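Pull up the model and turn it around a little before reading on. The walk below goes from strands to sheet to core, and then out to the places where chains meet.

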Number of protein chains: 4
Amino acid sequence: MATLPRPTCGEMDGPVHLYPIRVYYEETDAGRMVYHGNYLKFAERARTEMMRVVGLDHIDMIETHGLVFAVHSADVKYLKQAKLDDELLVQTHVQALGGASMTMRQKINRIGVSGLEDAIADLTLKIAIVDEAGRPKRLPGDLSATLKRLRDEKG
Amino acid sequence: MATLPRPTCGEMDGPVHLYPIRVYYEETDAGRMVYHGNYLKFAERARTEMMRVVGLDHIDMIETHGLVFAVHSADVKYLKQAKLDDELLVQTHVQALGGASMTMRQKINRIGVSGLEDAIADLTLKIAIVDEAGRPKRLPGDLSATLKRLRDEKG
Amino acid sequence: MATLPRPTCGEMDGPVHLYPIRVYYEETDAGRMVYHGNYLKFAERARTEMMRVVGLDHIDMIETHGLVFAVHSADVKYLKQAKLDDELLVQTHVQALGGASMTMRQKINRIGVSGLEDAIADLTLKIAIVDEAGRPKRLPGDLSATLKRLRDEKG
Amino acid sequence: MATLPRPTCGEMDGPVHLYPIRVYYEETDAGRMVYHGNYLKFAERARTEMMRVVGLDHIDMIETHGLVFAVHSADVKYLKQAKLDDELLVQTHVQALGGASMTMRQKINRIGVSGLEDAIADLTLKIAIVDEAGRPKRLPGDLSATLKRLRDEKG
C-alpha cells in the first residue's frame, strides 16, 4: 500500500471538464436502467470536481468564502437510458455567468470500446451563488476570472 | 393490530392529485436542506399514486398492458428550500396528452399550521409511454379517457 | 382542499410502533427488488415517526435539547426481497436502554390482502444519544421515562 | 479528448482490494455527515470493483452464468463520521467462502495527507450466490478458485 489509490477529479479538455462515472446497482431501478433522478447526482459530482480542478472545493468555499452553490433550475433531457455497469462520461461547460449566478451545460454519454457512444442525457443547470443565509453573493474575483475564461474559450 | 396502517395514495381534489410527504434525514444534505435531486423522487411518488388513484398501478401496467412510463424531460424550478421534518404537499395535474406521451405539472409546497405555505418547487415532466423494449405505445383506452377528463376539468 | 392530506406518523400498538411504507421505483434496483441499503432508510423513517408519536421530533431535539441520534451499529438480516409497489410495515420496539444509548429492534414485513405476510428484514440498531459535537448525552427525563415504559411493556 | 478518463476499478494489494471514494453532497445528510445507510452503497461499489478486478462483472455474471449476488446479512459498525469532500478508502477482503455463499469484511477509512487516517466504518457482509429465481448456486470453478486463493493469502 505504498501509494493509495485516490478518487478522480476528472480533467479539463480545453474549456470542458471530463468526469467518468461507473453505474452501480444503487443508481438503477426496477426498470433495469439508471433511475431518472440520479442523473442530477452524476451532474453534481462532475460540477464539484470541475470546481475542484479550477481551484475551489466545497469546504474551502464554505469555510473561507462563506459561499454555497444553490441550484436555481434544472432542465434535463433524457436521450437514451444507461444501465448497470455502464461507463459514462460527464462533460461540463460554463455556458453563462452572471453577477451571482452561472449556467452550466452538462452532457452525459456512454463510453464504448472506441470512445464516446450514445448520448444519454443533456442537462442545463442555473446555479445561484449565495451565502449560508441564502442571500446572493459575488464569486471571489479569481474564481470569477477563471470561469469567464472557460466560458469564452473555444472547445 | 386489528387494522394495519396502510401507506397513503393521496387523494384527488377535482383534477389535481394531492400527495403528502414528510422530509426525512435520507433526503437532506450537508447544506441542511433537501438535496435538489430528490424533488424528482417526490414527484415520481406522487405521479405513481395519482395513477393508482385513477386506476393503474405499475405492476398492473407492466404485467397486464406491457407498458412503462419513461421520463423524456424534466424541467425543475427551485423556489424555496425544504428542510428536515417539513411536511410537503405535491399537487399533480395533467397538463397535456399526446398519443404516446403526457405532460405533468407538479407543484410542491410546504404545509404549515394554517394550510399551504411556501412554494418549494415547480416541475414539468414530459413522460413517454413505451413498451418494455422502449417503443412508443398508446395508453389503454379507459386510462386515456380518464386522463383526458382530468386534463380538461377545471381545478 | 378543505383539509389537506398529511403524512402519516404511524401508530402505537402497545409498545410497538407500526409504520407503513410503499415501495417506489427510487428504492428498487436492477435486480427488480428493493436495494439492500434502503432498508436502513425505511427503518430510520419508522424510528423518526416513533419518536414523534412519543413526543419528540428532530427539530425539537436539536433546537430545544441539543441532542442528535447517531447510529452506532446496525445488524440487518435480509429474509425475503420486497419489490416495486409492495406495501411494507415496519414494527419498531425499544429493546434496551442505556444512559446515553438505546437499542431498537425493527421488523419489516410485507402487508398482504389478509394482513401481515412475508418477513422481509429484521434489524437491530444501537443508537447513541450525543450532542452536536458528538459527545454522549443523557435523554431528557420525560423521554427516558417514556422509552423505559415502552421497553418494559408486554407486546 | 485523445484518451478519455475512465472510472477506477481500484486495485489489489495482496489479498485486499482497495477502492477510493469521494464524498459528495448526495451522500451527506442534515447532520452534515455521510448518511449512515450510504456506507452500504460504498461497500457494494467496492465489492463490485473487486469482482471486476478478479474477473467477473455483473452483466457477465447474469448473462453468462445466470448468477446474482444477494446480500444475506450486513453487520455495520460506525466508528467515526465522514463528511462532505472527504476521500475514503474501502478495503475489501474475502473472510470466508461457502458452497453458495461468501463473507466479505470491508473497512472504510479516511485518506489523509499522510496516508490512511480515521477508521470510519467496519462492515461484515454475508452474500448468497443465487440464480435469478433466488435459488442457491455454486460459483463458477475459476472464480471460486480465485476467491479461495484470496481468502488464504496473507495480507
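What follows is a tour of a predicted model, taken one region at a time.

Let's begin inside chain D, with a run of strands that is easy to trace. β4(D) and β5(D) make a hairpin, with 3 residues between the two strands. They run antiparallel, and 9 bridges join β4(D) to β5(D), which covers residues 101-112. If you want a spot to check by eye, look at Ala96(D): its bridge partner in β5(D) is Thr103(D). Carry on along the chain and you meet another hairpin, this one formed by β5(D) and β6(D) with 2 residues between them. Here 11 bridges join β5(D) to β6(D), residues 115-131, and again the strands run antiparallel. Gln106(D) is a handy marker for this pairing, with Leu123(D) as its bridge partner in β6(D).

Now hop over to chain B. Its strand β5 (residues 101-112) is joined by 11 bridges to strand β6 (residues 115-131), in antiparallel fashion. Within that pairing, Ile108(B) stands opposite Ala121(B) of β6(B).

Zoom out from there, and chain B turns out to share a sheet with chain A. Which order do the strands take? Reading across, this open sheet of 12 strands goes β1(A)-β2(A)-β4(A)-β5(A)-β6(A)-β3(A)-β3(B)-β6(B)-β5(B)-β4(B)-β2(B)-β1(B), with antiparallel pairing. So where does the sheet stop? The edge strands are β1 (11-13) of chain A and β1 (11-13) of chain B, each of which pairs on one side only. Ignoring direction, neighbouring strands of the sheet are turned by 30° against each other on average.

Helices come next. In chain A, helix α1 (residues 38-53) lies across β1, β2 (16-22), β3 (67-78), β4 (87-97), β5 (101-112) and β6 (115-131) of its own chain, and runs at about 130° to β2(A). Chain B has its own helix α1 (residues 38-53), which lies across β1 through β6 of chain B and runs at about 130° to β2(B).

What about the nonpolar core? The largest one has 154 residues, and the members that touch the most others are Leu88(A), Leu88(B), Leu88(C) and Leu88(D). Take Leu88(D) and skip its neighbours within four places in sequence: its contacts then include Ile21(D), Val23(D), Phe42(D), Ala82(D), Ile108(D) and Ile120(D). Asn109(D) and Arg110(D) are also among the residues in contact with Leu88(D).

For a look at another setting, try Asp118(C), which is found in strand β6 (residues 115-130) of chain C. Is Asp118(C) buried, exposed or partly exposed? It counts as partly exposed, because it has 15 C-beta neighbours inside 10 Å. Not counting residues up to four places away in sequence, Asp118(C) touches Lys80(C), Asn109(C) and Arg110(C). Follow the chain from Asp118(C) to Asp131(C) and you move 13 residues in sequence, with 38 Å between the two C-alpha atoms.

That leaves the ways chain D meets its partners. With chain A, 29 residues of chain D are in contact with 29 residues of chain A. On the chain D side, β1 (11-13), β2 (16-22), α1 (38-53), α2 (58-65) and β4 (87-97) each supply at least two residues. Sorted by class, that side of chain D has 13 nonpolar, 5 polar and 11 charged residues.

How are chains D and A related? A rotation of 180° with 0.0 Å of shift along its axis superposes chain D on chain A, at an RMSD of 0.0 Å. That is the relation of a two-fold axis. In chain D, the C-alpha nearest this axis belongs to Thr8(D), 3.9 Å away. The copies meet through the same surface, because 100% of the interface residues of chain D are also interface residues in chain A.

The contact with chain B takes 10 residues from chain D and 10 residues from chain B. By class, the side of chain D that touches chain B has 4 nonpolar, 3 polar and 3 charged residues. A turn of 180° and a shift of 0.0 Å along the axis lay chain D on chain B, with an RMSD of 0.0 Å. For this axis, the nearest C-alpha in chain D is that of Asp29(D), 1.9 Å from it. Here too the same surface serves both copies, as 100% of the contact residues of chain D recur in chain B.

Methods:
Residues are numbered from 1 along each chain as its sequence is written. Chains are lettered from A and ligands numbered from 1 in the order in which they are written. This is a predicted model: local features need pLDDT of at least 70, side-chain atom pairs count only at pLDDT 80 or more; totals for chains, interfaces and linings use all residues. Copies are superposed by least squares on the C-alpha atoms of residues with pLDDT of at least 70 in both. Two residues are in contact if their C-beta atoms, placed from the backbone, lie within 7 Å. Ala, Val, Leu, Ile, Met, Phe, Trp, Tyr, Cys and Pro count as nonpolar, Asp, Glu, Lys and Arg as charged, and the others, Gly among them, as polar. Two strands pair if DSSP finds at least two bridges between them. Helices (H or I, at least four residues) and strands (E, at least two) are DSSP runs, numbered from the N terminus. Axes are lines fitted to C-alpha atoms, for helices over the stretch in contact, and angles run from 0 to 180 degrees between N-to-C directions. A nonpolar core is a set of buried Ala, Val, Leu, Ile, Met, Phe, Trp, Tyr and Cys residues joined through C-beta atoms within 7 Å. A residue is buried if 20 or more other C-beta atoms lie within 10 Å of its own, exposed if 12 or fewer, and partly exposed in between; C-beta atoms are placed from the backbone.
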